[in-house]
Amino acid sequence: YIYIHLFLLDMALPFTIESSYICQFDTTQGNTLLNYTSKGTETISFEDLEYMSLPSGLHDLPTESDTVKFQILDSNGKKYLSMCRVYNNSKSVIAMESSTASMNIGIDRTKVKIYSLGIIVSLLKDDDIENLVLYEESIIKQIDSCYKDFSSQTESKQYITTTTDKLLDLLSNDSQLTESNTWREPYQLLKSMDCLIFPLWKQLMLQKKILIINNDNTKISFDELNKLVEYLKNISANINYNSVYNTALSNYESVLNNSKKCYIAYTTDAILKDATQSYDVLLELNKNNNIRLSDSHGTPLHATFVESLRLITQFKDDYSKFDGKSKSQQFIDFFYLLFTFNSIKPGYYKYIDTAVDIPLQAPLERQRFDKWIISLNSGIEQLLKSDSSYNKNTKVLVLKPSDVLTLGFDGFNKNDLEFMKNYIKQGEFSTTISNIDFKNFDFSLFI
């Protein structure tokens, strides 16, 4: 008996499913919550569930089903995560009607059906969201199965209730759910982002609040955005990041501004770009794979010139994607052009060539970023042991451009220098180093 009991405890899910729901959008009533089934005796109320589970842009879904995730607060301000499947038959209706109707007859909108069927999970621990991702494949399979039965029946109130009851019952049975270790990577989005992954990664290292705006609804699925949130949290290697997923005009103030930690969120409501007080960094996904990264003041964030030398990139000749050379770098290049006719590479290249070995092409796995952070921290520790770089009495660290280049960053680039200063101030070295000074002139860059 004891053995069986322990085995059942071990099989319990590492998160708590609180409730299930089904919502509908139609042209006459808009977004409607059709039914909500709670696991416990007390019904928890959520505002805007029908708007969050049926976000803007659904009419342009690239497929007939998609997965939307979002955080939502109950009436007491407690945080929950919802995952739902969205079903939209509009494209198949349009295709069918277009093939049979004459040019003068429009599409019968009464045949268009848009539903969301999902669950709400209580977030008791910081790793509950990550645990849910592991079981996501299994959960989606059960949601799809319930919706298939629902869509084949008449849409009576009784069967709507039966559907949410059945879903909650299936997911309450642990044997229906199995863990999947398949890594979910947003390959196409990362390929389009290309070199922008570097400035974005640095913002993650600084624990900035990241908002992703999808302005190209017809090409990018909500599930791709889910994967992007998970990927960015993963490469940040920071447990403090809060995966908000979808946010909207109806709840951004309560969810984003209520977030005590740094977050990664996405939205299809472009107007949230104007809510600059809610985010630090904005990643805009525009048409034709045009992706823009900027801070909350609208200043573009680019990859550095040194990164352009080390990255296999589709934007090699697109100077709008990279910061240009600094004046000191231009002076060194001119010096070598004048005296060697470009027959010898400038002296600073020895630091670029021997820095952390990351000859790479997007997308990038987390191990590369982990390696870079380990090398960065190790390099800073070495500088702290050098009397010429670190004054133990004043706790002042002096960085030369060659030091920054050796650490794997761009010692000529003012944004990378600012990044280094902020990273050291907030990290494990914050108690050891009280101030950082940068030396502009570095003779070792010449020879």
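User: In this predicted model, why is R292 called partly exposed?

Analyst: R292 has a relative accessibility of 29%, and since buried requires under 20% and exposed over 50%, R292 falls in between and is therefore partly exposed.

User: What makes R292 and E284 a salt bridge?

Analyst: The closest N and O atoms of R292 and E284 are 3.6 Å apart, and because the cut-off is within 4 Å, the pair counts as a salt bridge.

User: Is E284 called buried or exposed, and why?

Analyst: E284 has a relative accessible area of 6%, which is under 20%, so E284 is called buried.

User: How do you know that K166 and D149 form a salt bridge, and where do the two residues lie?

Analyst: Their closest N and O atoms are 2.4 Å apart, which is within 4 Å, so the pair meets the rule. The bridge links distant parts of the chain, with K166 in helix 6 (residues 157–172) and D149 in helix 5 (residues 136–151), 17 residues apart. K166 is partly exposed at 33% relative accessibility, and D149 is partly exposed at 27%.

User: Why is D403, the salt-bridge partner of K400, called buried?

Analyst: D403 has 12% relative accessibility, which is under 20%, so D403 counts as buried, whereas K400, with a relative accessible area of 25%, is partly exposed.

User: What makes F339 exposed, and which surface patch does F339 help to make?

Analyst: F339 has a relative accessible area of 57%, which is over 50%, so F339 is exposed. F339 is found in helix 12 (residues 327–340) and, together with F334, F335, L337 and L338, makes a nonpolar surface patch of about 510 Å².

Terms used:
Residues numbered from 1 in each chain as written. Predicted model: local features only at pLDDT ≥ 70, side-chain atom pairs only at ≥ 80, totals over all residues. Heavy atoms only, no water. Patch = residues over 30% accessible without salt bridge, like charges linked within 9 Å, V, L, I, M, F, W, Y side chains within 5 Å. Areas by Shrake-Rupley, 256 points an atom, 1.4 Å probe, with all protein chains shown as cover. Salt bridge = Lys/Arg side-chain N within 4 Å of Asp/Glu carboxyl O. Helix = DSSP H or I, 4+ residues; strand = E, 2+ residues; numbered from the N terminus. Buried < 20%, exposed > 50% of the residue type's maximum accessible area, 1.4 Å probe, protein only.
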